[in-house]
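Trainee: Could you take me on a close look at the buried charged pairs in this model, and then show me what lies around them? I am new to this, so please go step by step.

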Amino acid sequence: MRYLWLCEPNLDAKTLKPYLNERVDPLVRGTAANLIIQRGSTMEKREATYTLEEMLNSHKERERVVGVESLPDALHSTLVHTYIPELLQDDSAKVRCALLGLIADKRLDEYYGSLIKGLQFSSTREAAKTALVALGNDAAELLINVSEDPRQSEFTRQQVWSVMAEIATPELVEALIQRLMSSWGIDRRNLLRVISKMPPEQGIEAVLERLGRSGIETLIDQELLFLGQMYMAAKDFANPQIDSEEVNLLRAALDGAKQDVFERCFLLMKLLYPLSAIQAAILNLNSESQSSIALGLEILDNTLDLPQKRLFLELFDTGTKADLLGLRSVEQILPYEVMAPGDRLRHLIQLRHFISPWFLACCFHLAKAQHWSLGQDAVLVCLRHPNSFVREAVLAYLKEASPRICLELLPTLTNDPNPIVNAQVEQLRLELSALG
């Protein structure tokens, strides 16, 4: 039908009117309505518009999907803007996916934010990615702003970086590299994963050209300094006098942070050395077999030429979870300073930009259990953390540490986007108000 219509510009729209009958297949009916809206008379356009409205309001999923897909060429119709807000809330994922494609196809920039929201749900994620990639550099400003927004979740930023890498215009590649230079922790890991999956000339080679070998070595040095902080904290929290469920959670978080450092270091090494060699080293070092670990160390020894090569080999030779031996190794670059557990915890919270949200939440849970005081500035900043379980942990700490301050702050936390935190705020308001 579309082919004939394009080939015969003088066709009369009346010839399509029979196809508007509800007994006609939705795909044919929607196509006919779309074509009539383009060329028909005012009355014919009105009738075709009514047909599409019926499809968009139908209780049948396929009718609504085809109705949405029939809208792109009818942009001048008020149907598009009238139904988009409603259809974005449709119960059918297929309808929502079709609508995301429409938004990109017709460059409806006022609805671009819906494409970002679509990344957050598994049912619409691929459609949202496809739509954003189709926008190309038109989506650059939106993607960069979202990727740099600290209020966005870690998962959303990761999805946005993945889209930026797929579009891979010079502007977006530069934004990825800039973010890599200023990021830390989970964000740095996710960025490195995204960059390593890009074609080499767009990803690894672009990073090397921008940072140089010395820049990447600096990032590795940063990771090792952070690793030293984790080994020192593990030593200070080994005190049996503070044994509790909360300190055990923090110790587990410390172990996780150390493993994350090694993962990021290997990802950085992939920027400098053959991927096959680094992958082989990782595979063997993660083995339970001593001979495989020895082979992994040999691969690293033959591959690496970093200034901190000996330190890496020592750490993997002694076992990355052997805290005492690991501490002795990292003392080469960061001398150990003994701290009381409470002081060490306050120091870790000062490193909040470098540790994971779960790690940070564990710090507040331990402070609450041990009745350790924390700096007011750090508490207030963490109360605005984008991760809900960090805000939840801070509120629980504040309730015990300073009920008065907690009660004063509750009005600023009303209508928290997370329902669990919102319920916690309401419960605290009732409890603390009853206490006077």
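Mentor: Let's begin with D236 and R344, which are both buried. This is a predicted model, so please read every value here as computed from it. The side chains of D236 and R344 meet in a salt bridge, with 2.6 Å from N to O. The two partners belong to distant parts of the chain: D236 sits in helix 13 and R344 in helix 19 (residues 341–350), 108 residues apart. What lets such a pair form? Side chains of opposite charge can pair when their charged atoms come close.

Helix 13 has another pair of this kind to show you. E223 and R264 form a salt bridge at 2.9 Å, N to O. Here too distant parts of the chain are linked, since E223 lies in helix 13 and R264 in helix 14, with their positions 41 residues apart in the count. Are these two buried or exposed? E223 has 0% relative accessibility, so it counts as buried. R264 has 2%, and therefore it counts as buried as well.

Now set a local pair beside them. R213 forms a salt bridge with E217, and their closest N and O atoms are 2.9 Å apart. Both residues lie in helix 13, four residues apart, which is about one turn of the helix. Their surroundings can be read from two percentages. R213 counts as partly exposed because its relative accessibility is 33%, whereas E217, at 17%, falls under the 20% limit and so counts as buried.

While you are looking at helix 14, find K258, which is found in that helix (residues 245–269). K258 has a relative accessible area of 1%, so it is buried. K258 and M230 are 28 residues apart in sequence, yet their C-alpha atoms are 6.7 Å apart in space.

How many salt bridges are there in the model? The count comes to 25.

Next, let's turn to the open spaces. Rolling a probe the size of a water molecule over the atoms shows where empty space is left. The largest pocket holds about 650 Å³ of space. It is lined by 26 residues, and those closest to its centre are P150, R157, H353, H385 and P386. Several elements give two or more residues to this lining: helix 10 (154–167), helix 11 (170–182), helix 12 (185–197), helix 20 (357–370) and helix 21 (376–382). Helix 12 provides the largest share, three residues. Sorted by class, the lining of the largest pocket has 10 nonpolar, seven polar and nine charged residues.

The second largest pocket has a volume of about 550 Å³. Its lining is made of 18 residues, and R151, H385, P386, R391 and P417 lie nearest its centre. You can spot H385 and P386 among the central residues of the largest pocket and also among those of the second largest pocket. By class, the lining of the second largest pocket divides into six nonpolar, eight polar and four charged residues.

Following helix 12 onwards brings you to Q202, in the loop between helix 12 and helix 13 (204–236). Q202 counts as partly exposed because its relative accessibility is 29%. In sequence, Q202 and A165 are 37 residues apart, and from C-alpha to C-alpha they are 8.5 Å apart in space.

A pocket is open, but what about closed space? The count comes to one cavity of 30 Å³ or more. The largest cavity has a volume of about 40 Å³. Its lining consists of A13, K17, L20, I36, E44 and E47. By class, that gives three nonpolar, no polar and three charged residues.

Let's finish on the surface. M1, Y19 and V28 make a nonpolar surface patch of about 230 Å². M1 has its place in the segment before helix 1 (2–7). With a relative accessibility of 33%, M1 counts as partly exposed.

To retrace the path, go back to D236 and R344, both buried, then to the largest pocket with its 26 lining residues, and end at the patch made by M1, Y19 and V28.

Definitions and conventions:
Residues are numbered from 1 along each chain as its sequence is written. This is a predicted model: local features need pLDDT of at least 70, side-chain atom pairs count only at pLDDT 80 or more; totals for chains, interfaces and linings use all residues. Side-chain values use heavy atoms; hydrogens and water are left out. On a 1 Å grid over the protein atoms alone, a cavity is a set of points where a 1.4 Å probe fits but cannot get out, and a pocket is an open set with protein on both sides within 12 Å along at least five of seven lines; lining residues have an atom within 4 Å of a point. Grid points are joined across faces, edges and corners, and a volume is the space filled by probe spheres set on the points. Ala, Val, Leu, Ile, Met, Phe, Trp, Tyr, Cys and Pro count as nonpolar, Asp, Glu, Lys and Arg as charged, and the others, Gly among them, as polar. Patches are made of residues with over 30% relative accessible area and no salt bridge: like charges are joined within 9 Å, nonpolar side chains (Val, Leu, Ile, Met, Phe, Trp, Tyr) within 5 Å. Accessible areas come from the Shrake-Rupley method with a 1.4 Å probe; for residues, only the protein chains shown count as cover. A salt bridge is a side-chain nitrogen of Lys or Arg within 4 Å of a carboxyl oxygen of Asp or Glu. Buried means under 20% relative accessible area, exposed over 50%, partly exposed in between (1.4 Å probe, protein chains only).
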